[in-house]
Amino acid sequence: MKHQKHAKITRKEIGNYGINEVAVMGTTCGDIKSFVASVSKELAPLKVAFMDMDHKSDEEEKVKSFFGDTVVTYTDKINFKRFDSQESYSSFELRQLFKSCDITLVNGNHFEGQKQLLFVDDRKPLLKKVAKIKNPIGVVFTEGKEALSEDLLKEKPELAELPTFRSDDLKDIASFIQSQSVIKPKLKGLVLVGGKSTRMGEDKSMLDYHGQPQWKHSYDLLSQYCDEVYVSVADKKEQFSEVKQLQDKFIGLGPMSGILSAFQEDPNAAWLVVACDLPLLSASSLNQLVNARNPQKYATSFKSPTMEFPEPLICIWEPKAYGRLLEFLSWGYSCPRKALINSDIELLIADHEEEMTNANTPEEFQKIKGLL
């Protein structure tokens, strides 16, 4: 048996620099810039990042950008923010810069991308860069070009089967890039039952409000929206043996443990998370949440009825939130609400605010039980 040196965990689907990465290659750098400038407008409201290189070394610009011996300078330019750095960045560090974007376009003349959009232009023959054509998705003919060269097709016969576009068909190209790159992440469900129920005095997940244990009621609700639903537990328990249990891999962090453990299980899925102490929660609120879901944000959440803050435990966490939560954890914050407050999220006002009510004490249990 081959020795496994490192723990085998599921990896996040990502390109060299960002998610949904497409390298534009086969034409001049100037035309690539013009194309990106135009097609990014057609891709709006999606957030588009651009990875490029400047051929010039501009010492005058460098003097204006940096002050004294500073290595990094951040400048608020009112209408945009500017970040200048004299440091070199690895592809992993660049992913941090592009993490919030929905599509990353790359100048394929200088950098390799996860997928390639090929321009046919005699000024930059694709045949010279055939080694970089590893996962082509489409062909764009510049003015005066109508076919791929026979020499290129001998090297890459699969290119003949790709969809083709004219370089001025920006709407069609943008729609194609979006269809090839931006796929709504699959939604999985997570019922949080790992709390200690100290104030209640007994396990809140086993309380009966609806003729069955509350965890099972929550599980059945999520099953209406998710093909896979897990019960998040600190330690595996016999009472949950009939369903998939997801044991905490991050210990002692409260709800953050369950959410991060879910993302470690599948970092490419979005997670619909609910706590088990929400006895009034119904399909009405979940319908609102799922229908208003915005995959371009870090999360979709309700505003808490008791505070002017988002509610992290009736929430859809998108895949890009995984790194965001780990980042907050590295700064010493274990509260998922803190991450929501300081991130770009879709925040909803609940149509049924009473369904956000949780039950933490025996008195609250009796009161809600009486209402039901």
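## Ground rules and overall picture

A residue counts as buried here when its relative accessible area is under 20%, as exposed when that area is over 50%, and as partly exposed in between. D344 shows how this works: its relative accessible area is 28%, so D344 is partly exposed. Keep in mind that this is a predicted model.

Now for the chain as a whole. There are 372 residues, and buried ones make up 46% of them. The secondary structure comes to 11 helices and 15 strands. Taken along the principal axes, the C-alpha atoms fill a box of roughly 75 × 55 × 50 Å. Among contacts with a separation of 6 or more, 68% are between residues 24 or more positions apart. As for the outside, the chain exposes about 20100 Å², and carbon and sulfur atoms supply 49% of that area.

## The largest pocket

The largest pocket has a volume of about 1100 Å³. Its lining takes in 26 residues, and those nearest the centre are D52, D54, F83, D84 and S85. Four elements give two or more residues to this lining: β2, α2 (59–65), β4 and α3. Of these, β4 gives the most, with 5 residues.

## A nonpolar patch on the surface

F83 turns up again in a nonpolar surface patch, together with V71, V72, Y74, Y89 and L97. Between them, these six side chains account for about 550 Å² of accessible area. Y89 sits in the loop between β4 (81–85) and α3 (91–98). With a relative accessible area of 31%, Y89 is partly exposed.

## The largest cavity

Searching the whole structure turns up 2 cavities of 30 Å³ or more. The largest cavity holds about 40 Å³ of space. Around it are Y298, W317, A321, R324, L325, A339, L340, S343 and I345.

Which elements supply at least two residues each to that lining? They are α9 (321–330) and α10 (336–341). Helix α9 gives the most, with 3 residues.

## Salt bridges across the chain

Side chains of opposite charge can pair when their charged atoms come close. In this model the count comes to 23 salt bridges. One of them joins K47 to D344, with the closest N and O atoms 2.8 Å apart. That pair links distant parts of the chain, 297 residues apart: K47 is in the loop between α1 (29–43) and β2 (48–51), while D344 is in the loop between α10 and β15 (346–348). K47 is partly exposed, at 33% relative accessible area.

Another salt bridge runs between the side chains of K99 and E327, at 2.5 Å from N to O. K99 lies in the loop between α3 and β5 (103–107) and E327 in helix α9, so the pair ties together parts that are 228 residues apart in sequence. How do the two partners fare for burial, buried or partly exposed? K99 is partly exposed, with a relative accessible area of 23%, whereas E327 counts as buried because its relative accessibility is 17%.

There is also a salt-bridge network, which links K186, K188, E228, K244 and D266.

## Helix α6: a local pair and a buried glutamine

Helix α6 has a salt bridge of its own, where the side chains of K216 and D220 meet at 2.8 Å, N to O. The two residues are 4 apart in the helix, so about one helical turn separates them. D220 is partly exposed, at 30% relative accessible area.

Q214 also belongs to α6, which covers residues 214–223. Is Q214 buried or exposed? Its relative accessibility is 0%, so Q214 counts as buried. Leaving aside neighbours within four places in sequence, Q214 is in contact with K204, S205, M206, L207, Y209, C276, L278 and P279.

## Helix α7: enclosed

Helix α7 (residues 255–265) is largely enclosed by the rest of the structure, because 8 of its 11 residues are buried. The buried ones are M256, S257, G258, I259, L260, S261, A262 and F263.

Methods:
Residues numbered from 1 in each chain as written. Predicted model: local features only at pLDDT ≥ 70, side-chain atom pairs only at ≥ 80, totals over all residues. Heavy atoms only, no water. Buried < 20%, exposed > 50% of the residue type's maximum accessible area, 1.4 Å probe, protein only. Contact = heavy atoms within 4.5 Å. Patch = residues over 30% accessible without salt bridge, like charges linked within 9 Å, V, L, I, M, F, W, Y side chains within 5 Å. Areas by Shrake-Rupley, 256 points an atom, 1.4 Å probe, with all protein chains shown as cover. Salt bridge = Lys/Arg side-chain N within 4 Å of Asp/Glu carboxyl O. 1 Å grid on protein atoms, 1.4 Å probe; cavity = no way out; pocket = protein on both sides within 12 Å on 5 of 7 lines; lining within 4 Å. Points joined across faces, edges and corners; volume = space filled by probe spheres on them.
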